[in-house]
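Work through the exercises below with the sequence and the model at hand. Each task is followed by a solution in steps.

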Amino acid sequence: MDLISILIDNREIQIPRGITVLEAAESLDIKIPALCVSPGWGTSGFCRSCVVEVEGEDYLPIACSLPVQEGMIIKTNSPRVLESRRLTVELLLARHTMDCAICYRNGKCSLQDLANTYGIKESRFFTREKPLEIDDKSPAIVHNPNRCILCGLCVQACCDIQTVSVIDFAHRGFDRMVEPAFGQSLDEVECVACGQCIQICPVESFYEKSEIDKVREALRDPHKEVVAFLSPSVPISIGEEFGTEPGKSLSGEVIKALKMAGFKKVFDTALGADLVIMEEAYELLTRWNSGKNLPLITSCSPEWVKFIEHFYPELLPHLCSTKSPQQIMGTLAKTYFAESTEIDLKNLFTVSITPCTAEKFERTRPELNIQGFPGVDACLTIKEVARLIRMTVGDSFPDVGTEEFDQPFEVSSGAGVIFGATGGVMEGVLRTLYELKVGKKLKSVVFENIREEVRTSYSGGLREVEVQMGNGTLQVAVVHGLGNARRILEALRSGKSRYHFIEVKGCPNGCAQGGGQPIPATLEVIQARKRGLYLEDEKREIRKAHENPRIKELYEKFFKKPASPTARKFLHTEFTPREHYL
Amino acid sequence: MKTLTDKCCSKCWDSELQRCPVFTECQPQRPLPHCHTDEACIRQREEVMNRLRYGAGTLIRVGMGTCSQQAGASSVLGAIFIELQRRNLSHVSLSITGCLGNCFQEVVVSISHPKYPTVVYAQVSEDKVPYLISEHIEKKRIARELVLAQLEEPGKKPLGHVPAFKNLDFFRKQIRRVSERCGHMDPESLDDFLLHGGFLGLSKAIREVKPPDMLKLLKESKLKGRGGSGEDVADKWAHVAAADGEEKYVICNAHEGDPASFKDRRLLESDPLGVIEAMTLAGYTVGAGKGVIFLNPEYELAKKRLELAITKARAFNYLGKEILGSNFSFDIEIRLSPGDYLSGEETSLVTFLEGKAGVRRVPPPLTSHGLWNLPTLIHNVETFLNIPLLVVKGVDWFREQGTGNSPGTRCWTLSGCLQRRGTVEVPIGVSIQDLLDMGGGAPPGKKIKAVHVGGYVGGYLPEGLFQTPSDDASMKKSGISSGIGSLVALEETTCMVHKTWQDALFTAKEECGQCTPGREGSYQISRFLEKICQGRGVRSDLQKLKEIASHMREASMCTYGRLSPGLIASSLEYFHAEYEEHLQKHCPAGVCFK
Ligand code: SF4
Ligand code: SF4
Ligand code: SF4
Ligand code: FES
């Protein structure tokens with residue numbers, strides 16, 4: 001490797017050419033604040049918090065995008081540098097709302113951190129003349145431009161990584177802000193509610209539209225029976241909000257805490273995932289046998305569904321028509337469960353608890369209503385449910401004790417559990433499909449070559465695998481991140497796709513990096529979350545959806561068999577081509 | 001032979017398929033002695049040249065630039081045409097020319113005759129046209145009411161009682177190099193351009209100067225960019241020339257976003273082919289195949305003339321494939337800038353051309369990773385125009401003017417409280433006072449208290465510093481940048497605090513707003529100045545203003561952000577007393593607190 005030597009804060013190091021001063025400093029454990037850098041996503045170079053002094057330059061260059069050069073002499077903490085950073089932060093704070101008390105990011109906010117580090121106590125500067133309007137019209141995503149520090153990361157996330165491209169910078173000078181085209185609301189553009197803007201934002205300028213109040217109102221209402229569906233990802237990440245180690249499951253604790261908060265029942269969304277697997281495996285088998293309408297593409301990621309509806313409506317026939325796991329849970333609750341327990345639908349309030357922000361949008365889809373009632377009445381992200389739990393049991397939540405899921409939706413297979421991991425749907429479906437197709441028991445349920453490491457770079461995110469099934473070879477692809485999904489769709493559109501089955505997760509790294517996951521999420525944390533799901537799978541006795549006794553029972557009693565008219569009526573939905581505005 | 005570019009006889013072997021290498025040199029001298037020496041050819045060529053200079057006998061040229069059109073040049077042109085018809089003066093031809101720079105004297109009309117020196121008339125209005133024609137053409141005498149000067153022309157006896165053009169106060173200290181052709185030739189005629197030495201630089205370079213030698217020539221010349229940052233042109237070219245890329249770009253930044261500057265507009269309108277030649281030369285040197293003129297959308301006349309120039313240059317192989325028989329190919333397209341103040345900043349410019357609405361990128365440098373991530377050379381109009389001159393006239397000639405570190409000349413736009421406003425070209429380093437003198441000082445009854453130099457990236461200087469030389473280095477010592485070369489004289493009745501506030505507000509609104517110091521810093525500066533101008537200022541505000549200004553200088557993303565605090569910094573430094581008075585709620589100029 002081509003090494004050069006530079007001097008940082010009087011320490012000489014040999015480093016490869018081409019890396020930035022910021023990376024060089026990190027290798028020496030020298031901390032440089034970098035508000036507009038998100039690891040693996042890049043930097044905009046806008047914030048100027050990472051200025052350093054370089055000998056020979058009369059201005060202060062930025063470490064995040066300055067490539068090292070032979071013989072460079074750098075000071076990262078000279079008084080001049082510190083003064084400049086302090087002023088940058090002070091200037092950013094001047095027009096910032098400073099409503100830390102009601103902000104989710106309080107205590108884990110890059111801006112707040114810097115303000116503390118640089119000892120900013122009072123504001124010596126002018127505040128905003130009048131606050132900008134908050135955009136809260138979307139059912140899922142809120143944007144408060146008054147908190148924005150204009151780092152540009154969300155624009156990168158939305159445009160470059162997700163290629164949804166609904167937000168961008170607008171206006172010049174001090175009127176500059178991030179907003180959808182022509183100052184519309186996120187509700188009026190193709191925003192797919194993926195929440196990647198929330199995840200990448202160093203402050204809380206984007207956040208989920210909270211439904212806590214709605215849930216609490218239902219909990220207070222004596223006539224309402226409030227039931228929760230818990231996504232397998234939730235117990236894995238929720239501990240992060242209470243300081244436990246990332247990846248450790250707190251499933252029983254969450255159930256217990258929810259019960260204490262007033263929920264009557266807590267069901268396992270992974271059971272819904274098992275049903276999806278059943279239906280999907282049958283649909284795949286049918287299409288594979290007939291050779292028609294291939295590839296089949298998964299539809300369990302609501303942001304992905306909205307994406308394809310907007311941008312590739314002509315490819316909708318490729319989507320599997322099965323509802324998403326949470327919507328299946330909603331359906332089960334409002335049909336099977338409501339009937340068997342004789343609850344009036346108007347008194348049954350269902351809450352999906354999830355790592356996803358797009359579900360908040362999904363639940364407003366009219367085609368998913370059941371007898372005029374939405375399948376899911378409210379949707380809480382992990383961050384929201386953590387808040388609800390903290391209100392109820394306080395910080396000692398991890399020690400609250402445990403409880404089990406409630407009947408009749410309490411058993412799920414490992415396949416349903418790993419649903420949220422990238423490649424998880426694929427693996428789950430393959431476990432069932434194999435036995436359906438070949439008629440023999442699988443030797444090992446683990447499809448190692450489908451699993452993958454968490455990506456540090458977002459150019460990846462696509463994995464292609466060939467799976468031998470009896471005398472047939474199944475060509476499959478696993479893709480996550482909408483930008484990557486777009487590439488697959490482009491290939492499909494131009495007739496260059498040779499897959500039978502494609503799993504798509506709208507969020508990069510799948511649900512582990514969902515829009516409703518706790519913040520901050522470093523790559524290690526995301527990795528731990530994913531591992532947590534696979535560990536849960538390993539702990540299960542039942543690892544295949546079709547072996548789940550509850551699933552068998554449901555088919556026996558209610559749906560008859562996969563793809564039966566009843567199954568189609570209740571477990572499937574339809575998609576609508578949506579407008580694509582330019 | 002109807003035009004210079006027509007073949008004189010069958011001995012001229014130049015054709016579209018095979019170019020004569022000295023085609024350009026041949027035009028004004030056709031035929032070149034080493035080719036053939038037929039009398040008939042010389043006669044024909046003389047005839048064409050006479051027609052170019054004197055039309056059918058006498059040639060009237062009306063200066064047509066944006067400023068003269070605003071002063072009514074089109075109506076004057078029309079009136080002259082009608083007048084000539086009416087009087088049946090078929091030996092008099094009518095043509096147009098560019099702008100001499102003396103905008104305060106528009107409309108300018110010059111009359112050329114083979115026997116007499118060209119006479120320049122100024123402030124000609126429609127109703128004066130009959131008088132002008134009757135006096136000068138019919139009665140053959142100087143139209144006294146309108147006369148400005150006569151040009152000095154070899155072999156012609158000067159007229160009595162008509163001042164020499166070069167002795168006029170506005171022109172005396174000017175050294176016209178890049179603007180030499182402006183106002184003296186028809187900007188829409190290739191023939192006239194060739195007659196005025198056009199394309200000689202390009203032709204010479206292609207025949208005799210290899211690109212590495214071009215770079216050497218530039219290095220020796222010490223030519224500096226004329227866009228405000230004073231960058232070393234040779235360095236920049238060498239970078240682009242050395243950078244790898246399957247394609248390279250040459251961009252002429254003709255955005256000229258500062259409202260107080262229009263010297264580039266004048267050059268574009270008056271010498272569009274000159275710009276084409278210079279860019280092509282640059283392309284030849286750095287190995288670029290594509291040129292882009294990034295043009296201010298308000299410059300409609302310039303656009304029209306540039307389009308025409310490009311068409312003509314293509315027709316004669318000065319642009320296009322295998323230029324002048326060499327293996328160098330180059331072409332130019334015009335792209336309109338979004339017109340806001342800041343899009344002329346180089347990185348924004350490149351990003352805009354790529355279609356990403358003016359969002360600036362961060363390094364690496366544009367010279368290696370510019371447009372479409374390919375090596376890109378960017379200069380403004382004036383910088384480019386120096387190049388052909390340098391090739392034709394050489395380094396020694398070039399360095400005769402200007403300072404040791406920054407040789408040559410520089411164009412300025414003079415405006416504000418002056419008797420004579422317009423654009424001038426002067427040796428680099430003349431003092432602010434010299435420029436003010438060219439502008440004739442304040443009109444009677446008025447007094448100049450300060451100057452605003454360099455627009456929104458410049459600063460203000462008080463009377464006591466008018467002796468400061470105007471070159472980048474000296475300006476920088478006084479804490480400001482000469483920017484794009486604009487000078488606005490400020491009248492005594494100007495409140496410097498209020499003026500600074502208004503300029504700061506403009507900058508704060510017009511800056512791109514990408515980086516924190518630039519965006520938030522200029523916002524705060526404008527708010528503090530507003531506070532002071534409204535009588536709510538306290539002393540510590542001044543300290544904060546200084547703090548923010550120096551922060552912006554150090555930490556902003558681009559040149560604009562680093563230079564624009566020069567406004568507030570120079571204002572605070574040189575007009576401190578006015579700030580003190582404002583803190584006491586008193587505005588010495590009587591502008592604030594009304
Ligand atoms: S984003 Fe950070 S600084 Fe802003 S209100 Fe929230 S916690 Fe406070
Ligand atoms: S939620 Fe996703 S699609 Fe919507 S603005 Fe954010 S990043 Fe873009
Ligand atoms: S919303 Fe957040 S991520 Fe987007 S520019 Fe503002 S601070 Fe950065
Ligand atoms: S982190 Fe380098 S400019 Fe923002």
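The exercises that follow treat cavities, a ligand shell, a helix and a domain assignment.

This is a predicted model, in which local features need pLDDT of at least 70 and side-chain atom pairs count only at pLDDT 80 or more, while totals for chains, interfaces and linings use all residues. Residues are numbered from 1 along each chain as its sequence is written, chains are lettered from A and ligands numbered from 1 in the order in which they are written, and side-chain values use heavy atoms, with hydrogens and water left out.

**Exercise 1.** Describe the largest cavity and its lining.

Solution. Begin with the term: on a 1 Å grid over the protein atoms alone, a cavity is a set of points where a 1.4 Å probe fits but cannot get out, and lining residues have an atom within 4 Å of a point. Grid points are joined across faces, edges and corners, and a volume is the space filled by probe spheres set on the points. The structure holds 10 cavities of 30 Å³ or more, and the volume of the largest is about 330 Å³. Of its 26 lining residues, those closest to the centre are A:Cys300, A:Gln326, A:Glu359, A:Gly420 and A:Cys511. Next, sort the lining by class, where Ala, Val, Leu, Ile, Met, Phe, Trp, Tyr, Cys and Pro count as nonpolar, Asp, Glu, Lys and Arg as charged, and the others, Gly among them, as polar; this gives 12 nonpolar, 11 polar and three charged residues.

**Exercise 2.** Which residues are around ligand 1?

Solution. Taking residues with a heavy atom within 4 Å of the molecule, one finds A:His96, A:Asp99, A:Cys100, A:Cys103, A:Arg105, A:Asn106, A:Cys109, A:Gln112, A:Arg147, A:Val203 and A:Glu204. By class, this shell has four nonpolar, three polar and four charged residues.

**Exercise 3.** Examine helix H13 of chain A, its span and its buried residues.

Solution. Helices are DSSP runs (H or I, at least four residues), numbered from the N terminus. H13(A), residues 382-393, has 12 residues and reaches 16 Å from first to last C-alpha, close to the 16 Å expected at 1.5 Å a residue, the expected span being 1.5 Å times one less than the number of residues. Its buried residues (under 20% relative accessible area, 1.4 Å probe, protein chains only) are A:Ile382, A:Lys383, A:Glu384, A:Val385, A:Ala386, A:Leu388, A:Ile389 and A:Val393. After the helix comes A:Gly394, with a positive phi near 80°.

**Exercise 4.** Where do the domains of chain B lie in its sequence?

Solution. The bounds, which come from an automatic or database domain assignment, are 55-167 for domain 1, 190-398 for domain 2, 409-491 for domain 3 and 496-583 for domain 4. Taken over C-alpha atoms, the centres of domain 2 and domain 4 of chain B are separated by 34 Å.

How values were computed
On a 1 Å grid over the protein atoms alone, a cavity is a set of points where a 1.4 Å probe fits but cannot get out, and a pocket is an open set with protein on both sides within 12 Å along at least five of seven lines; lining residues have an atom within 4 Å of a point. Helices (H or I, at least four residues) and strands (E, at least two) are DSSP runs, numbered from the N terminus. Buried means under 20% relative accessible area, exposed over 50%, partly exposed in between (1.4 Å probe, protein chains only).
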